[in-house]
Amino acid sequence: MNYGFNSEELAFRDEVREFLADYADLDGFYCQGHRWPEVRSMFSAMAQKNWLALTWPTEFGGLGKGPVHEYILWNEVAYARAARNPLAAGIVAKSIIRYGTAAQRATWLERIRTGDIHFSLCYSEPEAGSDLAGLRLKATLSDDGTCYELNGQKCWQSYAQDMDFLWVLARTGTQDSRGRGLSLFICDKAANGVRVAPLPTLDGDQLNEVFFDGVRVSVEQRIGDENGAWSIIGEALADERHIQFPPGRVRRDLEDLVAWLNDHDLGHDPMVRERMADLAARVLETEMLGRKVLATMVAGGNATVDAAMNKIIHTTVCQDIARAVLDLGGPEALVTGNRPELIWRQSLTETIGGGTSEIMRSVVSRQLLGLGG
Ligand SMILES: Cc1cc2nc3c(=O)[nH]c(=O)nc-3n(C[C@H](O)[C@H](O)[C@H](O)COP(=O)(O)OP(=O)(O)OC[C@H]3O[C@@H](n4cnc5c(N)ncnc54)[C@H](O)[C@@H]3O)c2cc1C
């Protein structure tokens with residue numbers, strides 16, 4: 001297996017690094033809510049290079065590149081601590097390209113490609129996270145068949161406070177129909193009846209609750225067939241596996257925290273050296289797993305199991321790096337606003353968002369090991 005990049009890919013990586021040099025102080029990866037105007041402006045600058053549409057087919061205005069370029073881009077952005085990859089250009093746009101009508105593509109793709117509009121993902125609910133197929137937010141078709149009315153509540157929406165549109169998974173079938181009774185809608189966040197309420201998080205940023213009270217969306221804002229959302233969200237997730245949990249994030253955590261330990265004159269302590277060396281080996285492991293996910297996708301394979309393993313290791317390593325520096329750095333590492341304690345507080349949510357570690361282990365045990373049928 002060859003995990004290296006070819007010369008064209010390396011040249012692209014250099015171009016990305018050069019671009020990101022202007023955003024070295026952006027620091028939008030952890031608490032994007034604190035830096036949204038600046039992150040948005042960086043996405044607009046990326047759009048000038050058409051990087052938001054890097055992998056979209058050229059017929060839809062994209063550059064037609066493959067997953068390697070996309071991996072390089074978002075891994076470098078993570079290493080630079082600039083931002084997370086935007087959902088609009090990824091999950092939303094790729095679903096519209098695959099399942100949207102010609103009119104929907106014309107309405108949405110160009111605005112996403114240019115970075116003019118951004119989306120929040122409205123899937124989870126208070127009683128439906130791991131068990132997403134049990135969600136209850138109801139979309140009812142009007143008698144004249146022109147619009148749906150949305151009623152219910154979503155929970156834990158990242159960035160919803162700053163985004164322009166909501167990508168909403170809603171129930172159009174019976175509750176018993178589970179995943180076979182769900183549809184996808186685009187909803188303007190400014191529509192009547194939408195209310196976004198903050199849920200403060202441990203790192204000082206926020207997730208959100210989003211309430212829908214009689215919100216009307218036209219049938220043109222339903223993407224894909226009625227009751228056909230389950231396969232759309234599955235395919236969109238599969239498209240993004242190589243850019244979720246990029247190893248650049250943990251590599252940078254390790255480098256920053258090693259620098260912090262040296263700055264505090266702790267680098268000579270044998271206990272510090274032993275513990276950080278062990279973590280360095282595990283960071284390399286995340287880099288190899290990240291490349292394995294990518295290699296599987298480039299080969300056209302199913303990366304579900306690789307991505308689940310990557311998520312378990314990546315999120316555990318980022319917690320362990322931060323935890324080690326807190327253990328080794330003494331009281332100063334715990335002072336609010338210091339890098340170690342911010343990284344630690346942020347890292348705690350990583351094993352939950354995007355599917356919990358228990359769910360990831362369940363994927364590995366069933367699909368790789370064949371345990372439990
Ligand atoms: C930082 C962050 C960002 C998020 N961003 C978004 C977003 O933008 N949009 C969105 O829609 N959602 C988002 N979420 C929600 C996220 O997807 C859910 O929190 C996650 O899927 C877990 O669901 P839950 O919170 O309902 O917990 P539950 O599913 O209720 O799980 C509770 C506990 O039970 C365990 N558990 C549940 N089922 C099983 C099982 N079958 N086997 C073993 N253990 C199980 C879980 O692992 C967990 O420990 C985000 C969450 C976080 C933390």
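This report describes a predicted model, beginning with its domains and ending with a residue close to the start of the chain.

**Domains**

The domain assignment divides the chain into domain 1 (7-85), domain 2 (119-228) and domain 3 (244-368). Between the C-alpha centres of domain 1 and domain 3 the distance is 22 Å. Their contact draws 12 residues from domain 1 and 11 residues from domain 3. On the side of domain 1 that touches domain 3, 8 residues are nonpolar, 2 are polar and 2 are charged.

**The ligand and its surroundings**

The ligand is surrounded by 18 residues, of which Gly-129, Ser-130, Gly-353, Thr-356 and Glu-358 are the closest. Two elements, β1 (119-122) and α11 (357-368), each give two or more residues to this shell. The largest share, 3 residues, belongs to α11. Sorted by class, the shell holds 7 nonpolar, 10 polar and 1 charged residues. Both domain 2 (119-228) and domain 3 (244-368) supply residues to the shell, and therefore the ligand lies between these two domains.

**Helix α4 and the nonpolar core**

Helix α4 spans residues 88-99; because 10 of its 12 residues are buried, the helix is largely enclosed by the rest of the structure. Among the buried residues are Ala-88, Gly-90, Val-92, Lys-94 and Ile-97. The buried part of α4 packs against α5 (102-113), β1, β4 (165-171), β8 (222-223) and α6 (229-239).

The largest nonpolar core comprises 96 residues, and Leu-150, Trp-167, Leu-169 and Ile-321 have the most contacts inside it. Helix α9 (residues 304-329) provides the largest share of this core, namely 9 residues. When neighbours within four places in sequence are left aside, Leu-169 is in contact with Cys-122, Tyr-123, Leu-135, Leu-182, Leu-184, Ala-229 and Ile-233.

**Strand pairing**

Strand β5 (residues 182-188) is mostly covered, with 6 of its 7 residues buried. This strand pairs with β4 and with β8. The following table lists strand pairs with their bridges and one pair of partner residues for each.

| Strand pair | Bridges | Direction | Partner residues |
|---|---|---|---|
| β4 and β5 | 7 bridges | antiparallel | Arg-171 and Leu-182 |
| β5 and β8 | 2 bridges | antiparallel | Leu-184 and Ile-223 |
| β2 and β3 | 4 bridges | antiparallel | Leu-141 and Tyr-148 |

Strand β2 covers residues 138-141 and strand β3 covers residues 147-155. Together β2 and β3 form a hairpin with 5 residues between them. In the turn of this hairpin, Gly-145 has a positive phi of about 70°. Leu-182 and Leu-184, which appear in the table as bridge partners, are also among the contacts of Leu-169.

**The segment before α1**

Tyr-3 is located in the segment that precedes α1 (7-20). This residue counts as exposed, because it has 11 C-beta neighbours inside 10 Å, and a residue is exposed if 12 or fewer such atoms are found within that distance. Apart from residues up to four places away in sequence, Tyr-3 touches Arg-291 and Ala-295. Tyr-3 and Val-363 are separated by 360 residues in sequence, while their C-alpha atoms are 24 Å apart in space.

Definitions and conventions: Residues numbered from 1 in each chain as written. Predicted model: local features only at pLDDT ≥ 70, side-chain atom pairs only at ≥ 80, totals over all residues. Near = placed C-beta within 6 Å. Nonpolar A, V, L, I, M, F, W, Y, C, P; charged D, E, K, R; others polar. Domains from an automatic or database assignment. Buried ≥ 20, exposed ≤ 12 C-beta atoms within 10 Å, placed from the backbone. Contact = placed C-beta atoms within 7 Å. Core = buried A, V, L, I, M, F, W, Y, C linked by C-beta atoms within 7 Å. Pairing = 2+ DSSP bridges.
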